[in-house]
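Trainee: I would like to learn how to read a ligand site in a model. Where should we begin?

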Amino acid sequence: MFWTPGVHGIFSIPGLEIEGSNTRYFSIASIHDENTIKFATRIPEDCSQFKKHLAQLKEGDEIDMEGPYGEFNFQDDSTPVIMIAGGVGITPVRALFKELEKGNDRIVKLIYSTGGQHLFKDELSAVAAANDKIGIDFVGGREELAAKLEEYADEMKNEAYYFISGPPGMVRTVMNLLEDRYINEGRIIAESFIGYE
Ligand SMILES: Cc1cc2nc3c(=O)[nH]c(=O)nc-3n(C[C@H](O)[C@H](O)[C@H](O)COP(=O)(O)OP(=O)(O)OC[C@H]3O[C@@H](n4cnc5c(N)ncnc54)[C@H](O)[C@@H]3O)c2cc1C
């Protein structure tokens, strides 16, 4: 199968019968060239039945994927891009960074905010280190995120595209921040991880 960076699939475990929905959306964190479909998720101790079963899968077990779907992808090769990822919302961004690794001439700024571990930190940092147009701010919370975003939005204004990925609450907060900075809706591309708070 073929997929473009930034898409997601709808995953289900064959034969799994649980209360509620037995499918989950996961963004594909890998690109087609890697020849592997990679996704990442948060599995807390007190997790859903779906994730309990997901965590128990062993190498060789099967999982179904419907899709790919979505359009969380670059619009062109030159317009600057400001990416804002919250927590596990980094997954489609990892795919976009793998694409940038193949060649990039645009300015790219990533603000990656999480209260926990910065997933894919080494891989993302390696892509940024190899291209002086790419910069990453690893931040620890919403205030730090807001400060960085305001700085970049004031500098780039409507000359950049703004990619937002993360839990719905975080996506809404960032959209409001951009609205306050007079960034046009058409400049904002958002992936809201419905299912998280
Ligand atoms: C486009 C998109 C991309 C996403 N990418 C990722 C990703 O890369 N990594 C990641 O961890 N999460 C991702 N999510 C969220 C993911 O699908 C799950 O909702 C989330 O991980 C929480 O699942 P859970 O089993 O822990 O929560 P639960 O507690 O089981 O679910 C929380 C609530 O959401 C509802 N819900 C969850 N999934 C569905 C569904 N498919 N259909 C209907 N209702 C549902 C549940 O019924 C419950 O009310 C994505 C969501 C979307 C929409």
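Mentor: Begin with a single polar pair. This is a predicted model, and in it a polar side-chain atom of Ser48 lies 2.5 Å from an oxygen atom of the ligand. The cut-off for a polar contact is a pair of N or O atoms within 3.5 Å.

Trainee: Which other side chains have a polar atom at such an oxygen atom of the ligand?

Mentor: Thr41 has a polar side-chain atom 2.6 Å from a ligand oxygen atom. For Thr91, an N or O atom of the side chain is 2.9 Å from an oxygen atom of the ligand.

Trainee: How much of the ligand's accessible area does the protein cover?

Mentor: On its own the ligand has 920 Å² of accessible area, and the protein covers 72% of that. As for the space itself, the ligand takes up the largest pocket.

Trainee: Which elements give two or more residues to the shell around the ligand?

Mentor: They are β2 (23-27) and β8 (188-192). The largest share comes from β2, with 5 residues.

Trainee: How many residues surround the ligand, and which are the closest?

Mentor: There are 20, and the closest are Arg24, Tyr25, Thr41, Ser48 and Tyr196. By class, the shell divides into 7 nonpolar, 9 polar and 4 charged residues.

Trainee: Where does the ligand lie with respect to domain 1 and domain 2?

Mentor: Look at which domains supply the shell. Domain 1 (8-69) and domain 2 (81-192) both give residues to it, so the ligand lies between them.

Terms used
Residues are numbered from 1 along each chain as its sequence is written. This is a predicted model: local features need pLDDT of at least 70, side-chain atom pairs count only at pLDDT 80 or more; totals for chains, interfaces and linings use all residues. Side-chain values use heavy atoms; hydrogens and water are left out. A residue is near a molecule or strand if one of its heavy atoms lies within 4 Å of it. A polar contact is a pair of N or O atoms within 3.5 Å; within protein, one must be able to donate a hydrogen and the other to accept it, and residues adjacent in sequence count only if both atoms are side-chain atoms. Accessible areas come from the Shrake-Rupley method with a 1.4 Å probe; for residues, only the protein chains shown count as cover. On a 1 Å grid over the protein atoms alone, a cavity is a set of points where a 1.4 Å probe fits but cannot get out, and a pocket is an open set with protein on both sides within 12 Å along at least five of seven lines; lining residues have an atom within 4 Å of a point. A molecule sits in a cavity or pocket if more than half of its atoms lie within 2 Å of its grid points. Helices (H or I, at least four residues) and strands (E, at least two) are DSSP runs, numbered from the N terminus. Ala, Val, Leu, Ile, Met, Phe, Trp, Tyr, Cys and Pro count as nonpolar, Asp, Glu, Lys and Arg as charged, and the others, Gly among them, as polar. Domain bounds come from an automatic or database domain assignment.
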